[in-house]
Amino acid sequence: MAISSEFNKIEGAYFNSFTGHIKEIRDFEGVEGSKFVTVKNEEEQIANFIISKDTYTLGEAEIEIGSIVTGYYDANAPMLMIYPPQYSVEVLVVEEEKEKFESIKV
């Protein structure tokens, strides 16, 4: 993404992702309508996703324990230096048995 003007110049937007199975879902305290989701990947690494009402969700499957999801987050956003990492997810892809997304561009 390249936008250039007198007032605003963005050289690029950079997103990282994390994919895994949902292990836990709970309400995110202090932010109404947001969820705190714990995800574990194939390498047994854990990440926590913050999913808000503004998070764009791709896929029609329900977000539930055991679902395979990929969370895309702004790699340039400030993050707490804690383990497991905690990401404010901008885009959430819920994988479905009947439909596998071949390519996602954020």
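This text walks through the strands, side-chain pairs and backbone exceptions of one chain. The model is predicted.

Start with the overall make-up. The chain has 9 strands and 0 helices. Read along the sequence, the pattern is β-β-β-β-β-β-β-β-β. Of the 106 residues in the chain, 26% are buried.

Next comes the sheet. An open sheet of 7 strands runs in the order β6-β9-β7-β3-β4-β5-β8. Its pairing is mixed. The edges belong to β6 (56-58) and β8 (86-88). Each has a single partner strand, so one side of each is left without a neighbour in the sheet. On average, neighbouring strands of this sheet are turned by 35° against each other, direction ignored.

Now look at strand β7, residues 68-74. In the sheet order, β7 stands between β9 and β3. Strand β7 is mostly covered, with 5 of its 7 residues buried. On one side, β7 pairs with strand β9 (residues 91-94) in the antiparallel sense, over 4 bridges. Here V69 stands opposite V94 in β9. Strand β3 (residues 15-27) also pairs with β7 in the antiparallel sense, this time over 7 bridges. In this pairing, T70 in β7 is the bridge partner of T19.

Strand β3 leads on to β4. Strand β4 covers residues 35-40. The two strands run antiparallel and are joined by 6 bridges. One point of register is E24, which stands opposite T38 in β4.

Aromatic side chains come next. A search of the whole structure finds 3 aromatic pairs. One of them is formed by F18 and F49, with ring centres 6.2 Å apart. Their planes stand at 90°, so the pair is edge-to-face. The pair links distant parts of the chain. F18 sits in strand β3 and F49 in strand β5 (residues 46-51), 31 residues apart. How accessible are these two rings' residues? F18 has 10% relative accessibility and counts as buried. F49 is at 0% and also counts as buried.

Another pair has a different geometry: the rings of F28 and F36 have their planes at 10°, so the pair is stacked. The centres of these rings are 5.9 Å apart. Here the two residues fall into separate exposure classes. F28 is partly exposed, with a relative accessible area of 23%. F36 counts as buried, at 8% relative accessibility. The cut-off explains the split, because buried means under 20% relative accessible area.

Turn to the surface. Which residues make a nonpolar surface patch of about 240 Å²? They are I25, I63 and I65. I25 lies in strand β3. At 30% relative accessibility, I25 counts as partly exposed.

Charged side chains follow. Side chains of opposite charge can pair when their charged atoms come close. A search of the whole structure finds 3 salt bridges. One joins R26 and E24, with the closest N and O atoms 3.3 Å apart. E24 is the residue opposite T38 in β4. Both members of this salt bridge are partly exposed: R26 is at 40% relative accessibility, and E24 has a relative accessible area of 35%.

K35 and D27 meet in another salt bridge, at 2.5 Å from N to O. K35 counts as partly exposed, at 34% relative accessibility. D27 is exposed, with a relative accessible area of 53%.

K40 and E44 also meet in a salt bridge, at 3.3 Å from N to O. K40 is partly exposed, with a relative accessible area of 24%. E44 is exposed, at 53%.

E44 brings us to the backbone. Most residues other than glycine have a negative phi, and most peptide bonds are trans. Where does E44 sit? It lies in the loop between β4 and β5. E44 has a positive phi of about 70°, although it is not a glycine. The other backbone point concerns a peptide bond. Y83 and P84 are joined by a cis peptide bond, with omega about -5°. P84 has its place in the loop between β7 and β8.

Definitions and conventions:
Residues are numbered from 1 along each chain as its sequence is written. This is a predicted model: local features need pLDDT of at least 70, side-chain atom pairs count only at pLDDT 80 or more; totals for chains, interfaces and linings use all residues. Side-chain values use heavy atoms; hydrogens and water are left out. Buried means under 20% relative accessible area, exposed over 50%, partly exposed in between (1.4 Å probe, protein chains only). Two strands pair if DSSP finds at least two bridges between them. Axes are lines fitted to C-alpha atoms, for helices over the stretch in contact, and angles run from 0 to 180 degrees between N-to-C directions. Rings of Phe, Tyr and Trp (its six-membered ring) pair if their centres lie within 6.5 Å; planes under 30 degrees apart count as stacked, over 60 as edge-to-face and the rest as tilted. Patches are made of residues with over 30% relative accessible area and no salt bridge: like charges are joined within 9 Å, nonpolar side chains (Val, Leu, Ile, Met, Phe, Trp, Tyr) within 5 Å. Accessible areas come from the Shrake-Rupley method with a 1.4 Å probe; for residues, only the protein chains shown count as cover. A salt bridge is a side-chain nitrogen of Lys or Arg within 4 Å of a carboxyl oxygen of Asp or Glu.
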